[in-house]
Amino acid sequence: RAQEHAARNKMESDAASERRAFLYGSSGGGKGGDAEKAQAAESSNNTAMKVEGTKEELVAKANKLAAKAMRAKLKRKMDKYNMLMEQAEALREQAAQVAAGGGGGGGGRRREEETVALSQFDLQGRMIELGAGGAKGKANKGGWQDGAPPKKKRKPENKIGTDGKRDGYFDADLEKTDLKTLVQQERMGTANDFNANWAKHVMRQGAKFETGDTDEQFDMADVSMQAYESSQNKARKGKQRDEILRKKAVSAHNRMEKILANCYYCMDSPKHLGHLVVSVGVKCYLAIPSIHHVTNGHCLIIPREHIIATTQADEDVQEEIMYFRKFLVKMFAAQKQGCVFQEIVINLEKQRHTVIDCVPMPKDLFLDAPIFFKKAILESDEQWSVNKKLVDTREKGLWRSIPKNFPFFSVEFGTGGGFAHVIEDRDTFNPAWGKSVLCGMLGEPAQVVLRAKRAPLHVERSRVEQFKKMWHRFDWTRRLKGGDLHAKFQQKSKSATAT
């Protein structure tokens with residue numbers, strides 16, 4: 001009986017050890033415990049040595065050590081638990097020092113500052129004012145600037161007289177400013193924006209803001225806003241004003257860098273799809289779309305610079321776009337087809353790279369395309385619109401028909417002009433609205449075409465090769481420097497000038 005009892009106890013202890021090994025890992029007795037202790041000591045030494053890294057790397061290492069410590073606690077190995085938790089806390093302190101820029105004594109890497117040259121223009125072509133770097137001149141003993149006495153503080157002038165009529169429209173300092181300076185401030189974006197300042201004024205007033213009649217608020221807007229803008233202008237003089245302008249320039253630069261880095265159409269961007277490019281000009285290039293591929297021959301004319309709308313492009317960019325359009329029309333005309341060019345610009349604030357879609361179609365459908373799009377534009381967007389719903393671009397062209405900072409949709413048929421529409425409601429307007437109209441004309445299911453995912457890489461490359469074979473004969477970029485027709489074109493131009 002004693003032997004049976006000992007055998008039963010041994011079986012129960014073996015089963016219990018197997019359960020512990022399955023739940024918590026290998027047990028900590030005998031040679032296994034010594035090996036585990038040696039492994040823990042080795043890992044602790046490695047952890048103590050590998051303290052270099054960024055904040056994220058150090059935090060990740062600390063989390064791993066904390067997980068190992070919890071496993072040791074479940075195994076009731078309190079010595080190992082305390083040792084690992086101390087190492088984890090040390091790494092968290094190291095990460096905090098690296099984030100603060102101290103780097104710590106363990107060799108943490110300091111965050112290197114990057115010095116960049118700020119651009120003087122934003123993506124919309126407006127000049128950015130960077131400030132003069134503080135007040136000019138030196139102050140004398142009396143505290144005067146360049147020997148000039150300090151100006152006396154003036155009370156804000158009320159431009160509404162006792163008779164209720166307006167005496168003036170601007171404060172005294174602004175009335176002395178010439179027209180050239182006002183225009184420069186408006187182009188730089190540093191002029192006072194009445195709507196933005198009024199919104200800030202209402203937010204600062206809060207419950208104190210007078211909730212009266214709309215006409216009363218409109219009448220009191222000038223008086224209250226004059227005091228608000230004068231206080232803001234006083235706070236933005238000298239070094240404070242230069243610091244505000246510098247922060248604005250840095251913020252605009254960071255935003256521009258982020259937009260350019262995430263752009264799929266900028267050729268210098270890491271996300272650019274270079275295998276879809278067909279031919280490259282001086283200011284623009286021709287490519288195949290990666291999504292929303294309506295039909296065979298569908299291509300894109302894309303400016304090389306990050307331009308958010310062709311209405312804001314320079315004349316040389318517009319001229320090269322017309323070059324591409326002219327030779328694309330010739331190429332599809334040789335195949336007894338017409339082509340429709342589309343451009344849509346919805347949200348100018350997001351600064352998205354503009355593209356011009358070129359979609360070919362049979363000749364009979366091409367002749368009916370103006371009727372389709374005219375009816376679709378008149379029935380689109382808001383029922384009651386502020387702007388003219390249908391703008392004919394056949395006489396003036398798109399760039400003279402639509403103002404620069406307006407969101408719009410344009411469709412042009414060949415090189416003969418077309419229609420444009422100013423988008424009223426940017427939130428509800430469908431970005432693929434023009435392509436859905438084309439799908440309806442061509443008999444393609446719009447829900448399938450516009451919701452289809454990106455094609456495989458070999459399919460995209462086959463589309464590019466197929467388009468290059470059609471485009472090779474009409475590719476005008478071959479005449480540029482570096483092209484195979486450059487020397488021949490130079491000889492023809494020389495002979496033409498000689499005759």
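# Exercises on strands, charges and burial

In strand β8, A420 is the bridge partner of V391. The exercises below use a predicted model, and each task is followed by a solution in steps.

## Exercise 1: The sheet and its edges

Task: Work out in what order the eight strands of the open sheet are arranged, and which strands stand at its edges.

Solution. Step one is to recall a general point: strands of a sheet pair through backbone hydrogen bonds, and the pairing is either parallel or antiparallel. Step two is to read the order across the sheet, which is β1-β2-β3-β5-β4-β7-β8-β6, with antiparallel pairing. Step three is to look at the two ends of that order: β1 (277-280) and β6 (391-392) each have a single partner strand, so one side of each is left without a neighbour in the sheet. Step four is to examine one edge in detail, where β6 pairs with strand β8 (residues 418-422) in the antiparallel sense over two bridges, and where V391 has A420 as its bridge partner in β8.

## Exercise 2: Strand β5 and its partners

Task: Find which strands pair with β5, through how many bridges, and how many of the residues of β5 are buried.

Solution. Step one takes strand β3 (residues 299-303), which pairs with β5 in the antiparallel sense over three bridges; I301 has I356 as its bridge partner in β5. Step two takes strand β4 (residues 337-345), which runs antiparallel to β5 and is joined to it by six bridges; here C339 has P360 as its bridge partner in β5. Step three turns to covering, and the result is that β5 is mostly covered, with six of its seven residues buried.

## Exercise 3: Three salt bridges and their surroundings

Task: For the pairs K435 and D357, D392 and R394, and R478 and D484, give the N to O distance and decide whether the residues are buried, partly exposed or exposed.

Solution. Step one is the general background, namely that side chains of opposite charge can pair when their charged atoms come close. The structure holds eight salt bridges, and the three pairs of this exercise are among them.

Step two concerns K435 and D357, whose side chains meet in a salt bridge at 3.6 Å, N to O. This pair links distant parts of the chain, since K435 lies in helix α13 (residues 433-442) and D357 in strand β5 (residues 356-362), 78 residues apart. Both K435 and D357 are buried.

Step three concerns D392 and R394, whose side chains meet in a salt bridge at 2.6 Å, N to O. D392 has a relative accessible area of 35% and is therefore partly exposed, whereas R394, at 54% relative accessibility, counts as exposed.

Step four concerns R478 and D484, whose closest N and O atoms are 3.0 Å apart. With the cut-off for buried set at under 20% and that for exposed at over 50%, R478 at 15% relative accessibility counts as buried, while D484 at 52% is exposed.

## Exercise 4: Charged patches on the surface

Task: Identify which residues form the positive and the negative surface patch, and state which helices each supply at least two residues of the positive patch.

Solution. Step one lists the positive patch, in which K326, K330, R479, K488 and K492 gather on the surface. Step two assigns helices: α10 (315-334) and α16 (486-498) each supply at least two residues of this positive patch, and K488 has its place in helix α16. Step three lists the negative patch, formed on the surface by E305, D314, E315 and E319, of which E319 has its place in helix α10.

## Exercise 5: Positive phi and a distant contact

Task: Locate H292 and K336, give the phi of each, and then find how many residues along the chain separate E460 from S290.

Solution. Step one places H292 in the loop between β2 (284-287) and β3; its phi is near 55°, a positive value in a residue other than glycine. Step two places K336 in the loop between α10 and β4; K336 is not a glycine either, yet has a positive phi of about 60°, and at 70% relative accessibility K336 counts as exposed. Step three turns to E460 in helix α15 (residues 457-471), which is buried with a relative accessible area of 2%. E460 and S290 are 170 residues apart along the chain, and their C-alpha atoms are separated by 7.4 Å.

Note on methods. Residues are numbered from 1 along each chain as its sequence is written. This is a predicted model: local features need pLDDT of at least 70, side-chain atom pairs count only at pLDDT 80 or more; totals for chains, interfaces and linings use all residues. Side-chain values use heavy atoms; hydrogens and water are left out. Patches are made of residues with over 30% relative accessible area and no salt bridge: like charges are joined within 9 Å, nonpolar side chains (Val, Leu, Ile, Met, Phe, Trp, Tyr) within 5 Å. Accessible areas come from the Shrake-Rupley method with a 1.4 Å probe; for residues, only the protein chains shown count as cover. A salt bridge is a side-chain nitrogen of Lys or Arg within 4 Å of a carboxyl oxygen of Asp or Glu. Lys and Arg count as positive and Asp and Glu as negative; His and the chain ends are not counted. The place of a charge is taken as NZ of Lys, CZ of Arg, CG of Asp or CD of Glu. Helices (H or I, at least four residues) and strands (E, at least two) are DSSP runs, numbered from the N terminus. Two strands pair if DSSP finds at least two bridges between them. Buried means under 20% relative accessible area, exposed over 50%, partly exposed in between (1.4 Å probe, protein chains only).
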